[in-house]
Each structure stands twice: as structure tokens, then as C-alpha cells.
Amino acid sequence: MAQRNGTTATDMVVMRDVQKHFGEHHVLKDVNLTVATQEVVVVVGPSGSGKSTLCRCINRLETVTSGEILVDGSELPQEGKDLARLRADVGMVFQSFNLFAHRTILDNVALAPMKVRGISKRDAMTHALELLDRVGIADKADSFPAQLSGGQQQRAAIARALAMRPKVLLFDEPTSALDPEMVNEVLDVMISLAKEGMTMVVVTHEMGFARRAADRVIFMDAGRIVEENSPAEFFDNPQSERAQAFLSKILAH
């Protein structure tokens with residue numbers, strides 16, 4: 001298999017010996033992680049364990065203190081146009097929807113492909129409508145974000161990320177800001193993306209999603225990857241005491 005920078009051609013994301021400090025606080029410790037093309041990796045663990053920071057380092061929203069991260073065989077660029085290109089290839093869906101309040105949902109989805117990718121307005125609008133249909137809110141194309149429910153806004157945010165035709169999608173607690181009845185409509189979209197072969201790294205507390213959609217579950221605690229396994233093995237037979245304690249607590253609710 002072809003090698004690039006010590007990675008294989010199927011490696012989409014590679015993190016090697018990654019350390020991250022916020023001042024004196026050591027947030028990521030000796031993180032080594034490889035995500036293959038079309039793999040869905042779900043990252044779980046207690047609050048403050050470094051999950052979101054790991055996710056944000058992959059598209060350089062946070063810079064690492066040391067170590068290296070490669071996306072599709074290339075090291076993360078430092079700044080400028082190369083960094084903008086990386087962020088186009090590495091889509092991210094946040095807890096908050098970050099939609100432009102003064103633009104329609106259709107404009108929110110079509111804007112970045114025109115600005116960053118240089119796609120014509122007609123092609124961008126056509127693709128945006130297709131994506132809104134794909135996430136089940138084509139009827140909201142001409143609405144403004146404030147007119148949508150939280151679940152609909154998050155689905156619009158997923159469509160916006162997909163509009164850049166990313167190589168990998170990162171999700172940072174995408175359902176944590178939603179009312180419980182809206183969670184499943186977002187998770188259903190994410191499950192369909194997983195089935196279609198989108199490479200995904202998902203930070204979530206939704207254990208049902210991890211069981212259904214993950215190829216691999218990563219358990220983090222105190223900045224370290226403590227355990228990684230298939231969903232069946234992780235949930236039915238956790239190896240570490242910390243994972244056992246975490247699961248017994250979270251599954252009791």
C-alpha cells in the first residue's frame with residue numbers, strides 16, 4: 001500500500017504523540033490516533049477529558065503544543081490559503097449552529113462553496129438545495145435560522161459542512177444543545193452519512209449513536225486515550241476500570 005509521510009493511502013487522519021497545553025493545564029497527553037478513510041470513530045469520555053480539544057486540533061482550530069497531525073497524508077498547514085483549504089477539506093459541526101442569522105438557510109449552505117471553492121452561484125445553489133433535501137429540510141430553504149427549530153438548524157449546519165465536499169467531517173457534541181425530542185432527527189442524518197461512507201470523528205454523549213454508527217469507539221480520560229475498541233467490545237466488555245466506571249454511570253441514566 002502506498003506510503004506518504006509514514007501513513008498508508010487509506011489513512012485520512014493521523015495524530016502522532018500529540019500534546020496540548022493551555023498554560024499549565026496539560027489537556028492532551030501522548031495522543032496517537034489513526035482514522036481510516038470511510039471510518040466512523042466516536043470519541044466518548046467524561047467532561048474535561050480532552051475530547052473536544054482533540055477534535056478542534058484536527059482542523060487546527062487549536063494548535064498542538066507538540067507532535068504532528070496529518071490529514072490525507074499532509075501535515076496541517078500553519079496559516080493562510082493552505083489553512084483555508086484544509087478547513088474546506090475538514091468540515092466541522094459544532095454544538096452551536098453558527099448560522100448567519102441575516103441569511104436564508106439556502107444562502108447559509110451555498111455561501112462558502114462560492115467564496116472558498118470558487119463555485120458558480122448557480123451550481124452552489126443547486127448543490128445546496130440537494131443537500132437540504134438530503135438532511136430533510138428542503139422546505140426551509142427560504143427561511144431564516146430563527147424560524148427553524150434547533151434540530152432543523154443543526155441539520156442546516158450539517159448541510160453547510162457537506163457543501164464543501166469535505167474529506168472528513170468532525171462533530172463536536174452536535175446534539176448537546178438540542179431539546180431531547182430533536183436529538184434523533186440529527187442523529188438519523190449522521191447515521192445516514194456514516195452508511196454512505198463519510199469519514200467521521202464524532203465527539204458525543206449519545207451512546208446509542210456510538211453503538212449503531214461507530215466502527216470504533218475511543219474512550220478518553222484526563223487527556224489520554226485510555227481504551228479503543230469496536231462498539232460491541234467497548235460497551236459489553238470494557239477493559240479499563242475507568243471505562244467501566246464511566247459506562248456504569250452514564251448507562252444508569
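Tutor: Two strands count as paired when DSSP finds at least two bridges between them. Keep that cut-off in mind as we look at this predicted model.

Student: How do you know that strand 5 pairs with strand 10?

Tutor: Strand 5 and strand 10 (residues 199-203) are joined by 4 bridges. The definition asks for at least two, so the strands pair. They run parallel, and the bridge partner of valine 40 in strand 10 is methionine 200.

Student: Which strand does strand 5 join through another 4 bridges, and in which direction do the two run?

Tutor: That is strand 11, and strand 5 (residues 40-44) runs parallel to it. Here valine 41 has arginine 216 of strand 11 as its bridge partner.

Student: What makes strand 11 and strand 12 a pair, and how do they run?

Tutor: DSSP bridges again: 5 of them join strand 11 to strand 12 (residues 224-229), against a requirement of at least two, so this is a pair too. The two strands run antiparallel. Aspartate 221 stands opposite arginine 224, and phenylalanine 219 has glutamate 227 as its bridge partner. The hairpin has 2 residues between the strands, and alanine 222 takes a positive phi near 55° there.

Student: Why is the sheet's pairing called mixed?

Tutor: The open sheet has 6 strands in the order 8-9-10-5-11-12, and its pairing is mixed. Strand 5 and strand 11 run parallel, whereas strand 11 and strand 12 run antiparallel.

Student: What makes strand 8 and strand 12 edge strands?

Tutor: Strand 8 (90-93) and strand 12 each pair on one side only. From one strand to the next, the twist averages 20°. Helix 6 (residues 180-195) packs on the sheet, where it touches strand 5, strand 9 (168-172) and strand 10. The direction of helix 6 makes about 145° with that of strand 10.

Student: Why is strand 11 called mostly covered?

Tutor: Of the 6 residues in strand 11 (residues 216-221), 6 are buried. Arg216, Ile218 and Met220 point one way, Val217, Phe219 and Asp221 the other, and all are buried. That fits a general pattern, because side chains in a regular strand alternate between the two faces of the sheet.

Student: Now the cysteines. How do you know that cysteine 55 is in no disulfide?

Tutor: A disulfide needs two cysteine sulfur atoms within 2.5 Å. The nearest cysteine sulfur to that of cysteine 55 belongs to cysteine 57, 9.5 Å away, so the definition is not met. A search of the whole structure finds 0 disulfides.

Student: Why are cysteine 55 and cysteine 57 called buried?

Tutor: Buried means under 20% relative accessible area. Cysteine 55 has 0% and cysteine 57 has 1%, so each is buried.

Student: What makes the length of helix 4 agree with its 14 residues?

Tutor: At 1.5 Å a residue, helix 4 (residues 121-134) should span 20 Å, and its end C-alpha atoms are 20 Å apart, so the values agree.

Student: How do you know that the buried residues of helix 4 line one face?

Tutor: Seen down the helix axis, they fall within an arc of 165°, so they line one face. They are Ala124, Met125, His127, Ala128, Leu131 and Leu132, and they pack against helix 3 (105-115) and helix 5 (150-162). On the other side of helix 4, Arg122 and Asp133 are exposed.

Student: Which glycine follows helix 4?

Tutor: Glycine 136 does, and its phi is positive, near 85°.

Methods:
Residues numbered from 1 in each chain as written. Predicted model: local features only at pLDDT ≥ 70, side-chain atom pairs only at ≥ 80, totals over all residues. Heavy atoms only, no water. Expected span 1.5 Å × (residues − 1). Buried < 20%, exposed > 50% of the residue type's maximum accessible area, 1.4 Å probe, protein only. Arc of directions from axis to C-beta. Contact = heavy atoms within 4.5 Å. Axes fitted to C-alpha atoms, helices over the stretch in contact; angles between N-to-C directions.
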